[in-house]
Amino acid sequence: MVRLAHAAVTAILAIGGALAVAAPAEAAVLDVSCTSPSSTNIITFSPPLTLVNQPTVVSRSTSYQPCRAPRWPNLVAGKESRTVTMLDDCTMVLGTLNVNFTITWNTGQTTTVNAVRTASLSGSSLVVTFNGTVTAGLFLGSNVNQVFVGSGVDLINCLAGRGSVKSILSQVQLTISH
């Protein structure tokens, strides 16, 4: 009986030890990284955003540079832009949205991203984060993390009913990895 109990304890410890020594998770492999301060995003609103929800032309242009892509050394920059007309107001800047966008790289290749966009105010800064996946083109299947950080002062004033938002200029950090 003592031997049986000893064997059971030894087996349990052996299993536990095997679980404790499990292999570490694989580290993400960098596909491309584009950094600020040269990587920027400008978004403009016409007419400027107020607390009144109204048809608005929203134009966005993102410049990615410098970029580092270890497996694609000729890839050093990218751009993305879009203009849409939509019902908008300053409260919607802080909304959570599902978004799609396509980056065109200096090599002529493209990367299409499907992401969840979240935004928040941190002190007087507006922080907009995009987390998602590459759904087409270069880096297909890779994970995307993009962060815009810009001044939130006009937005804070707009939300308080003391002004409008004509544009927001942000620094950009983009990382795509698998």
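Here are some short exercises on this predicted model, each with a worked solution.

Residues are numbered from 1 along each chain as its sequence is written. Since this is a predicted model, local features need pLDDT of at least 70 and side-chain atom pairs count only at pLDDT 80 or more, while totals for chains, interfaces and linings use all residues; side-chain values use heavy atoms, with hydrogens and water left out.

**Exercise 1. Get your bearings**

Work out how many helices and strands the chain has, and in which pattern they follow each other.

*Solution.* Start with the definition: helices (H or I, at least four residues) and strands (E, at least two) are DSSP runs, numbered from the N terminus. Counting that way gives two helices and ten strands. Now read along the sequence, and you get α-β-β-β-β-β-β-β-β-β-α-β.

Next, look at burial. Buried means under 20% relative accessible area, exposed means over 50%, and partly exposed is in between (1.4 Å probe, protein chains only). Of the 178 residues in the chain, 31% are buried.

Finally, contacts, meaning heavy atoms within 4.5 Å. Take those in the chain with a separation of 6 or more: 60% of them join residues 24 or more positions apart.

**Exercise 2. Pair up the cysteines**

Find the disulfides, and say for each whether it is right-handed or left-handed.

*Solution.* The criterion is a pair of cysteine sulfur atoms within 2.5 Å. Two disulfides turn up.

- Cys34 and Cys67 make one of them, with sulfur atoms 2.0 Å apart. Cys34 sits in strand S1 and Cys67 in strand S4, so this pair ties together distant parts of the chain, 33 residues apart. The torsion about the S-S bond of Cys34 and Cys67 is about 110°, so it's right-handed. Cys34 and Cys67 are both buried.
- Cys90 and Cys158 make another, with sulfur atoms 2.4 Å apart. This pair also links distant parts of the chain: Cys90 is in the loop between strand S5 (78-88) and strand S6 (97-105), Cys158 is in helix H2, and they're 68 residues apart. A torsion of about -90° about the S-S bond of Cys90 and Cys158 makes this disulfide left-handed. Cys90 is buried at 0% relative accessibility, and Cys158 is buried at 1%.

Count the bonded cysteines along the chain and the pattern comes out as 1-2, 3-4.

**Exercise 3. Hunt for backbone oddities**

Locate the cis peptide bonds at Pro37 and Pro66, then find where the positive phi of Phe139 lies.

*Solution.* The background is that most residues other than glycine have a negative phi, and most peptide bonds are trans.

First, Ser36 and Pro37 are joined by a cis peptide bond with omega about 15°. Pro37 lies in the loop between strand S1 (30-34) and strand S2 (40-49). Second, the bond from Gln65 to Pro66 is cis, with omega near -10°. Look for Pro66 in the loop between strand S3 (54-64) and strand S4 (67-68).

Third, Phe139 isn't a glycine, yet its phi is positive, about 75°. Phe139 belongs to the loop between strand S8 (125-137) and strand S9 (143-151). Its relative accessible area is 6%, so Phe139 counts as buried.

**Exercise 4. Map the core**

Which residues have the most contacts inside the largest nonpolar core, and which strand gives the most to it?

*Solution.* A nonpolar core is a set of buried Ala, Val, Leu, Ile, Met, Phe, Trp, Tyr and Cys residues joined through side-chain atoms within 4.5 Å. The largest one has 34 residues, and those with the most contacts inside it are Val32, Tyr64, Leu75, Trp105, Phe139, Leu174 and Ile176. Strand S10 (residues 165-177) gives the most to this core, with five residues.

Now zoom in on Ile176. Leaving out residues up to four places away in sequence, Ile176 touches, among others, Val32, Trp105, Val134, Phe139 and Val144.

**Exercise 5. Compare two residues**

Are Thr110 and Ser177 buried or partly exposed?

*Solution.* Thr110 is in strand S7 (residues 110-122) and is partly exposed at 34% relative accessibility. Beyond four places in sequence, Thr110 touches residues including Thr102, Trp105 and Ala136.

Ser177 is in strand S10 and is buried, with a relative accessible area of 15%. With neighbours within four places set aside, the contacts of Ser177 include Ala28, Leu30 and Asn143.
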